[in-house]
Structures are given as structure tokens and as C-alpha cells.
Amino acid sequence: MLSDDHVNEIVIEKLIASLIPMTSRDRIKAIRNQPRTMEEKRNLSRGSLTIMTEEEGRAEVRLTWQKIVDKEKSKQSHHILQFNCCVQCLHSISQTYRRSKSSLSEILSSISLWQKTLKIIGGKFGTSILSYFNFLRWLLKFNIFSFILNFSFIVIPQFTMAEKNTLQFTGLEFFTGVGYFRDTVMYYGFYTNSTIQHGNSGASYNMQLAYIFTIGACLTTCFFSLLFSMARYFRNNFINPHIHSGGITKLIFCWDFTVTHEKAVKLKQKNLSTEIRENLSELLQEKVKLTFNQQLTRFSAYVVAWVVSTGVAITCCVAVYYLAEYNLEFLKTHKNPGAVLLLPFVVSCINLAVPRIYSMFRLVERYEMPRHEVYVLLIRNIFLKISIIGILCYYWLNTVALSGEECWETLIGQEIYRLLLMDFVFSLADSFLGEFLRRLIGMQLIKSLGVQEFDIARNVLELIYAQTLVWIGIFFCPLLPFIQMIMLFIMFYAKNVSLMMNFQPPSKAWRASQMMTFFIFLLFFPSFTGVLCTLAITIWRLKPSADCGPFRGLPFFIHSIYSWIDTLSTRPGYLWVVWIYQNLIGSVHFFFILTLIVLIITYLYWQITEGRKIMIRLLHEQIINEGKDKMFLIEKLIKLQDMEKKANSSSLVLERREVEQQGSLHLGEHDSSPDLRFRRSVQEDNPRA
């Protein structure tokens, strides 16, 4: 049992707690109205022994209570103030971060390339063709980053100890990549294997480690950027499409009133109308019901098209393989500088002609959805181009690398440079000549052909093919991202001019918000994964040249890392680096676990997508059912209103009849009264009657 004093203390504490939130005036009134004796109030005043009158005692007790309450309130307010300061500090930090992030995004968007041009393309040709130009700009950013990284950590250090080039520049090097360019920072063989050090006390710079770590950092950044971009586009276009797409509600009821310029307003209107047509195209798409014979005919056309396309691809790959095997002997027997262009010329001709043959299959297959047609063409073209690149990689790693040439890494870099340059020249020629001639034929000679439409699949695969060559060649030619950067910049303007002059908008409007996800997926697999496999074989399995390059004299390229790890293992301060390499980078189990985690995350994303699709379908059905319920209730309400109107009208008719009957009775009484008076007067005049 608690004592009375303890109970009294608890009561006082509760009383003080109840007085804290009051104002001073209310607090004084509450203390004055306390049902306690003066002795208890004096005891509450912390042992005050002053002899006072009753009024003075009451006043002092009120002041003492006021001080106690103010003291408790100040304690609590101090704690609350500290907590509020922490909360305000965190809030200000988060607000500053959001503002800086928003301002950075505004700056990046303001300096972003080709904003106005992309808006014009999207407004005139739709998002399907706009996705190609967005993909081109995205690849340009990739190559800018790779060039900055390579130039900063590989090229600039090599410039500090580069020797003067004694070869004569003729201009033919721009096409062949040989001659004067051989002894420049453009190729692998020019780089030194020594440690760069200026002065006795200056910091040393190991070119072997700088070379392999810079290339590794570049590829690692590209790997995670591709994964992040795929995840972001996948989330925006498949998992949460309603958040990022905007929908028709946003298109119709939202207008940017800051747009006041006449041209900008017209461009905005054109963009809105194009987006509305694309959003409505799939809703209005009707599935054509085919008979069994029609379905069988269409399926047979699909099978024949796939068999022919696969046969053509295999034939081209076999031709490239035998040409590559013959190419090395051909170059030894022909000393003409232009002989090195034979293999790139044949490969570029195949890459230009075969995709056009694939595009003609649409006349036979006749897909209902344009998206399906683009996907099929992408798969056929990626199979062709990646197969050709695979055969060339096999030729480089098994024939050129083992041929005993003086600097086989530089030879591979020159081959990749020629392939990239020849593909660029063919693309420009096709844009300015081939597409122009096709427009003239369709408008002047064979008018039934009409103006052509932009082939998204073929143009996208050209970009993926070129970027794959850049990633493979970045180890053998560190300045290849710079060359690709210039080519992409020129290609954007060339394709834009050709698009405006030689093409018409798609005959079937369709929404291509998911195309960017598919483009990046194709760039990641099989393009980037194939590049990683090729470079892994090069670094772990091939022997470097003995007389050129930063890895000369080593049994394998990877031995530069092994030697560095052995050096760090003797220094106690760097044992954590050795542990990371042995347990993470050099461990197969780590990459197995990492791959497993990526697959699990991908599976979870896929399941979330399927679940949300089911939820969207159920909600759609629920909305339809609720609409039917509302229509049913509205019909019932209308019927009740009709019945009520009929009942009211019948009651009005009855009341009207009653009123008319009563009115006729009154009229009869009025009509019979004169007859009665007449009879009485007659009887009075003639009593006999």
C-alpha cells in the first residue's frame, strides 16, 4: 500500500502537469480554487516558514505554485526545444538537398542537347521515332564519360613522356587507321610500361595499373549505368506506368501557361495531339477475327520469314568467317594501303543490305501491331550483327593474337577503327543518298510505293552495333569513345535532316514508351555481356606482345594485378585492399552470389509487374461493375420517378373530377331556384292551380 505522502506527491505532480499548458491567468485561477487548507498549501511552498496573514499566505502559495509550474514548463520546453532543433536541422538539410537536386536537374535539362529538336521530332513523328533519337543522345553521354575517363588517366600521363612521331602524315590514315596514327596515343602499342615519375621526390604513376584500372572503371560504370537505366525504365513503363506516363487526363486538362510564344504554343499543341492519338490508338485497336485458313496462312508466312531470315544470317556469318580467315594472308600479299579496307567494306555491305531485306518481310507477315513488327525486326537484326561481331572476335583472339605479329593489340585496334569508320560512312551515304533516292522513286516513278516510313529497328541496331565495337576496342584503342562521340554528333543531324526531308509520320500511331527499355536491354544483353566475355578472355588467357604496350613482358595481362596485390600484401596499411581483392573481386563465389541476387531482384520485379497487371485488371472490372450498378440504380430511380409522376397525375385527375362534380351541383342549385320562385308566384296568383 502507498502512503498518504506518496499519494499526495503523485497528485501534486499530476496537478502540476495539468497546469503547464494553461495561461498565467488561468493557472492563477486554478491554484486559487484548489480545495486545500492553507497548511497544505504552505507545505507545498517548499518549506516556507514565513508567518503571514491568510491573504498573504494565499498570495505566496499562488506565487510558489506559479514558480513550480513555470520551472516544470521550462524543463519540458527545453527538451522540446532541443528536439525541435534536431527536427528543424534535419528538415533544413533535406530541404536543401531537394532544392539542390532540383536546381541541378534544371541546369542539366537546360544544357541538355537538342531539346527543341527532339520536341519537333516528337510532335511531328511521334514517340516511336523519338525513342531512336533519345537512345542516340543517351549513347552520346556514355561515350563522353568514357572519353573523359580515358583521357584523364591514360592519355594525359602518356603525353608527359611521349616521344616525337617521325612518321609522315598523308591523310589516308583517316580511312585506314595505319601509318602516322600507329605511333600515337590512339593505339595500345604506343603506351609505356614504365612507372612515370618526375623528379626524385615526385609521386610515381604506374601505367600498367592506370591502364587496366581505367578500362575496368569505365566498363564497370557502364555496367551499373545499364542496370540502373534498365531498372528505371522498367519501373516507369511496366511497374508504375500510370505515374510516369501522365495519361489522357494530363494531356487534355493540363496546359503550361508559361508557354506564350506562338511557335512554342503550336509545337506544344502538336505534341499533345500526337500523344493523344498514340494513347487512343491501342484503345481503339480492334482484334481482327481470322478464319482457320487465314490463321494457317499467316502462321506459315511467319515460319517462312523466320527460316529465310535465319538462313540469310547464317550465310552472311559463314562468308565473314572465311573472309576473315583469308584476310591475314591477303594483307601479306597485297601491300596496297587500301587493301586493309576489304573486310570492313564487306561487313558494312552486309549490315546495310540484309536489314533492308528483313524490312521487306513486313509485306508478307503483316503484323497488326507496329510494336510487334519492330520487335521482330530488332531480334533478327541483333542476331545478324552480334553473330558477325562474334565471328570477328573469334578471328581476332584466335588468329591475329596468335599469329606472331609484332604488336597484335594495335592491329586489332586498327581493325575495329576501320569497321567503325566504314559503318559510319555507309550510314551517312544511306541517309543522304539511299533514303533520298527512295523518296524520289516513291513520289515520281512508282507512286504506289509512296513516301517511306522511318525504320526504327534497322537504325537502332546500327547504333548498338557501333557501340559494341567501341566497347570491344576501348582496350586496344583508348581514344575510340572520342571518335564515336564525334560520329554520333554528326549522325544525329544527318538523321534529323533525312527524317524531315525523306520520311512521313507512321501510318499507324502507336505508343512507344516501352521501346527505350527494350533498346537498353538489347544493349546490355547480348551486346555488353558479349564485350565483357571477350575482354575477360583477352585479359586472363592471352599473352601480351613482347615489344609494345604497357603490359609487355608479362605472361598475361592480369599478372599486373597479381604483382600489385603481392606488393600490397607486404604493407600492413593496405591489407584491407588485399582482403577485398581476394574475397570479393577475385572470388567466384562473390560473383555467383551477386548474380543470384540480381536474378532474385529481377524475378521480384517481374512478379510485382504481374501482380499489378492483375490488380489493374481487377480494378478495371470493378469500375465496370460499379458503372453497371450505377446504371441499374439510375434506371430504378427513373422508373420510380415515372411511377410517382403517374400517381400524382392520376390523383390530380381525381381531384379535378371531384371539383368539377361539386361545381356542377352548385350550378344545379342555382338553376332550380328561379323555377321554384316562379311556381310559388303562380300558386299565389291562381290558388286553384
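Biologist: Which side chain meets Glu-462 in a salt bridge?
Modeller: Happy to help, and keep in mind that this is a predicted model. In helix α17 (residues 456–473), Glu-462 and its partner are 4 residues apart, so about one helical turn separates them. Both residues are buried. The N to O distance is 3.7 Å, and the partner is Arg-458.

Biologist: Which residues are joined with Glu-462 and Arg-458 into one network?
Modeller: The network is built from salt bridges that share partners. Besides Glu-462 and Arg-458, the members are Arg-356, Asp-430, Glu-435, Asp-455 and Lys-495.

Biologist: How far apart in sequence are the parts that Lys-495 and Glu-435 tie together?
Modeller: The side chains of these two residues meet in a salt bridge at 3.9 Å, N to O. Lys-495 belongs to helix α18 (residues 480–502) and Glu-435 to helix α16 (residues 408–445), so the pair ties together parts separated in sequence by 60 residues.

Biologist: Is Arg-380 buried or exposed?
Modeller: Arg-380 forms a salt bridge with Glu-365 (2.5 Å, N to O). Buried means under 20% relative accessible area. Because Arg-380 has a relative accessible area of 2%, Arg-380 is buried.

Biologist: Why does Ile-597 count as partly exposed?
Modeller: Ile-597 lies in helix α22 (residues 588–685) and helps make a nonpolar surface patch of about 860 Å². Partly exposed is the range between under 20% and over 50%. Ile-597 counts as partly exposed because its relative accessibility is 42%.

Biologist: Which residue does a cis peptide bond join to Phe-525?
Modeller: The bond has an omega of about 10°. The residue sits in helix α19 (residues 515–541), and it is Pro-526.

Key. Residues numbered from 1 in each chain as written. Predicted model: local features only at pLDDT ≥ 70, side-chain atom pairs only at ≥ 80, totals over all residues. Heavy atoms only, no water. Helix = DSSP H or I, 4+ residues; strand = E, 2+ residues; numbered from the N terminus. Patch = residues over 30% accessible without salt bridge, like charges linked within 9 Å, V, L, I, M, F, W, Y side chains within 5 Å. Areas by Shrake-Rupley, 256 points an atom, 1.4 Å probe, with all protein chains shown as cover. Salt bridge = Lys/Arg side-chain N within 4 Å of Asp/Glu carboxyl O. Buried < 20%, exposed > 50% of the residue type's maximum accessible area, 1.4 Å probe, protein only.
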